[in-house]
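Here are some points to keep beside you while you look through this structure. They start with one residue and its surroundings, and they end with the chain taken whole.

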Amino acid sequence: MTQPNAPTIAIACGGTGGHLFPGLAVAEQLVKRGCSVTVLVSPKEVDQQAVKMARDVNVVTLPAVGLQNGNYFSFGRSFVKSWLAARKALHARKPDAALAMGGFTSAPPIFAGRQFGAKTFLHESNTIPGKANRWLSRFVDECFVGFPQAASRLRTINVVTTGTPVRPQFKPRDAGPCRVALGLDPHRPTVLVMGGSQGASGINDLVIGALDKLTSGAPGVTRPTTELQFFHL
């Protein structure tokens with residue numbers, strides 16, 4: 001159980017799975033260490049479904065929306081509303097630290113946390129930070145990065161390479177049954193290509209174009225005779 005004088009941490013991690021799930025992994029570890037954790041997410045379906053699995057954390061949904069089709073008015077309005085909502089949510093018990101995991105939900109909780117004197121942090125999982133994180137990095141006390149190459153692209157000198165938090169649900173398993181569960185041949189070599197965020201479609205196109213090289217350079221790997229399988233997680 002969280003103690004009354006336990007450190008209070010706010011984690012902004014909504015918007016996409018790439019920001020959300022690492023944030024929930026951090027929240028889980030902080031709860032185990034006796035911290036009181038508030039997770040701030042967006043109204044998107046991926047956020048609302050994922051936080052149902054979160055245990056012993058306070059969940060706050062912000063009215064945040066990403067910048068779409070150059071609609072700066074809607075984006076700015078949701079930014080202000082999200083900042084007010086974050087400030088209201090954090091006012092009851094002021095955070096000792098606020099951590100943003102990136103994306104369009106990050107900035108309002110960071111600025112709200114700064115108002116209450118919280119130490120502020122930002123985590124960047126990608127090698128090339130997005131616009132939101134590059135801009136927000138100048139306002140936080142310290143940045144964490146998954147890849148050291150990202151450090152020079154952030155607008156701060158206070159950067160620590162930490163890697164990207166991973167949920168404990170990921171465990172080694174026997175490859176054969178896993179391939180069968182995905183409808184794959186358990187005896188054939190399997191090439192797994194993972195891509196997300198803005199680079200996903202580019203990675204897909206690159207892999208399709210590189211199939212001939214992949215099959216000619218790797219013994220035992222043959223070009224698929226059926227349609228490639230794409231799994232959206």
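1. Helices in this note are DSSP runs of H or I with at least four residues, strands are runs of E with at least two, and both are numbered from the N terminus. Please keep in mind from the outset that the model is predicted. With those terms in hand, Trp83 can be placed in helix H3, which covers residues 72-91.

2. Is Trp83 buried, exposed or partly exposed? Its relative accessibility is 24%, and because buried means under 20% and exposed means over 50%, Trp83 counts as partly exposed.

3. The surroundings of Trp83 involve a later part of the chain. Once its neighbours within four places in sequence are left aside, Trp83 is in contact with Pro108, Phe111, Ala112 and Gln115. Of these, Ala112 lies 29 residues from Trp83 along the chain, yet the two C-alpha atoms are separated by 6.3 Å. With Gln115, the side chain of Trp83 also makes a polar contact of 3.3 Å.

4. Helix H1 takes in residues 17-32, and its length can be checked by a simple calculation: at 1.5 Å a residue, its 16 residues should span 22 Å, and the end C-alpha atoms are indeed 22 Å apart, so the two values agree. The expected span is 1.5 Å times one less than the number of residues.

5. Which residues of H1 are buried? They are His19, Leu20, Pro22, Gly23, Leu24, Ala25, Val26, Ala27, Leu30 and Val31. In reading such a list, it helps to recall that an α-helix has 3.6 residues a turn, so residues three or four places apart point the same way. The cover over the buried residues of H1 includes strands E1 (8-12), E2 (36-41) and E4 (97-100), together with helix H2 (45-50).

6. Two backbone angles deserve a look. Following H1 comes Gly34, with a positive phi near 90°. Asp56 also has a positive phi, of about 60°, although Asp56 is not a glycine. Asp56 sits in the loop between H2 and strand E3 (58-61), and with a relative accessible area of 64% it is exposed.

7. For the chain taken whole, there are eight helices and seven strands, and buried residues make up 32% of its 233 residues. Among contacts with a separation of 6 or more, 48% are accounted for by residues 24 or more positions apart. The chain exposes about 14400 Å², of which carbon and sulfur atoms supply 57%.

Methods:
Residues are numbered from 1 along each chain as its sequence is written. This is a predicted model: local features need pLDDT of at least 70, side-chain atom pairs count only at pLDDT 80 or more; totals for chains, interfaces and linings use all residues. Side-chain values use heavy atoms; hydrogens and water are left out. Buried means under 20% relative accessible area, exposed over 50%, partly exposed in between (1.4 Å probe, protein chains only). Contact means heavy atoms within 4.5 Å. A polar contact is a pair of N or O atoms within 3.5 Å; within protein, one must be able to donate a hydrogen and the other to accept it, and residues adjacent in sequence count only if both atoms are side-chain atoms. Accessible areas come from the Shrake-Rupley method with a 1.4 Å probe; for residues, only the protein chains shown count as cover.
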